[in-house]
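Colleague: Could you take a close look at one part of this model for me? I'd like to hear about the charged side chains and what surrounds them.

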Amino acid sequence: MKLSSPFRALATAALMVAAATSVYAQSDAQKQLASDRFTIISPFPPGGPVDVLARILSEGLSRRYGQAAVVENQVGAAGNIGMDKVKRAKGDGHTLLVVPAGNLTINPSLMPGFPFDIDKDFVPVTMLAKAPNVLVTSPQSGIKNVKDLVAQAKAKPNTLSYASPGVGSGLHLAGELFKQQAGVDVLHVPYKGTAPALNDVMGGAVPLMFSNLPGTLPFIKSGKLVALGVTEAKRTPVAPEIPTLAEQGVQGVTVTSWYGLLAPAGLPPAVAEQLAKDAAEILATPDVRERLKTQGMTDSTMKPAEFAAAIRTETAVWAPIIKSRHIVAE
């Protein structure tokens with residue numbers, strides 16, 4: 001239907017008003033972010049991926065808004081001390097939290113009396129980056145691929161075992177999810193950290209382990225470990241020669257180490273959207289991508305609503321596994 005001139009003029013005016021409102025809202029969010037200094041909380045020690053991402057963001061936000069951006073390493077209580085500081089801060093976009101997936105999707109079900117309601121206490125801004133995980137074995141195990149592993153595990157239940165950095169860690173739960181999806185019984189052997197667990201796998205004391213691929217890749221390349229499969233939906237560009245678990249018949253084990261950006265409750269949606277856009281542009285620059293690559297990470301940003309949905313989806317995966325297997329944080 002063709003509009004008459006008066007109606008066409010009204011429609012055009014309405015579109016102009018809507019566009020102006022959108023521009024104003026965006027500009028208003030940027031003005032708010034430029035009004036004060038930033039504090040970015042890293043609830044883990046310096047040097048790790050959380051700290052690296054926090055510092056990348058601090059540098060980028062400082063350049064964009066002409067304000068100081070300080071990273072504070074608020075360490076302790078498995079990340080809860082830093083999260084508590086952000087929870088209590090004002091939701092104006094100037095106090096931010098960089099945190100790994102487990103603090104948002106595993107700990108609420110794992111920790112008795114978990115002190116946060118992720119939906120109510122925080123505003124998810126964006127996922128920042130991710131790093132693939134990989135199932136590895138030692139050369140002396142004789143296991144060549146996932147089909148070998150499943151066949152052995154089914155022929156002799158509970159004779160194979162897998163190491164993890166600790167009870168309730170994401171890599172422990174990756175093993176439990178694998179057992180569920182593959183229909184096998186494999187014993188869990190928890191360690192106090194990744195290094196001693198990997199050492200025992202390389203030495204042949206424990207045949208299997210799910211581990212972060214970037215930290216494990218040097219041992220795979222040197223022949224000290226055999227990569228059986230990555231826990232990704234698709235092969236990873238970090239090591240495209242390693243097949244996925246799904247390719248080898250075990251579906252539904254997509255367990256990626258990822259890191260997110262959150263703010264305190266009360267953050268206006270327009271400011272959350274602007275911060276997500278800022279983070280995406282900061283992480284997409286060539287020099288930052290190279291820095292991420294050295295950590296085995298790739299940028300993986302998304303809009304706030306998408307990130308909130310991703311958190312809920314992953315939490316729904318882990319909660320029944322934690323409950324059914326009676327896993328409690330040590």
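Modeller: Here is a walk through the salt bridges, then a buried acid and the sheet beside it. Bear in mind that this is a predicted model, where local features need pLDDT of at least 70, side-chain atom pairs count only at pLDDT 80 or more, and totals for chains, interfaces and linings use all residues. Residues are numbered from 1 along each chain as its sequence is written, and side-chain values use heavy atoms, with hydrogens and water left out.

A search of the whole structure turns up 11 salt bridges, each being a side-chain nitrogen of Lys or Arg within 4 Å of a carboxyl oxygen of Asp or Glu. One of them joins R64 to E281, with the closest N and O atoms 2.6 Å apart. R64 sits in helix α2 (residues 49-65) and E281 in helix α11 (residues 269-283), so this pair ties together parts 217 residues apart in sequence. Helices here are DSSP runs of H or I, at least four residues, and strands are runs of E, at least two, numbered from the N terminus. R64 is partly exposed at 36% relative accessible area; the cut-offs are under 20% for buried, over 50% for exposed and partly exposed in between, with a 1.4 Å probe and protein chains only. R64 and E281 also belong to a salt-bridge network with D278.

Next comes E176 with R325, at 3.3 Å from N to O. That one links helix α8 (residues 170-182) to the segment after α13, 149 residues apart. E176 is buried, at 5%, while R325 is partly exposed, at 31%.

Now for the acid without a partner. E232 lies in the loop between β9 (226-230) and β10. It's buried yet has no salt bridge, and the nearest side chain of opposite charge, K130, is 4.6 Å away; Lys and Arg count as positive, Asp and Glu as negative, and His and the chain ends are not counted. The E232 side chain does make a polar contact with the side chain of T256, at 2.6 Å. That term means a pair of N or O atoms within 3.5 Å; within protein, one must be able to donate a hydrogen and the other to accept it, and residues adjacent in sequence count only if both atoms are side-chain atoms. Leaving aside residues up to four places away in sequence, E232 touches P132, T244, T254 and T256, contact being heavy atoms within 4.5 Å.

As for the sheet, β10 (residues 257-264) runs antiparallel to β3 (residues 95-100), joined by four bridges, and L97 stands opposite L262 in β10.

Notes. Two strands pair if DSSP finds at least two bridges between them.
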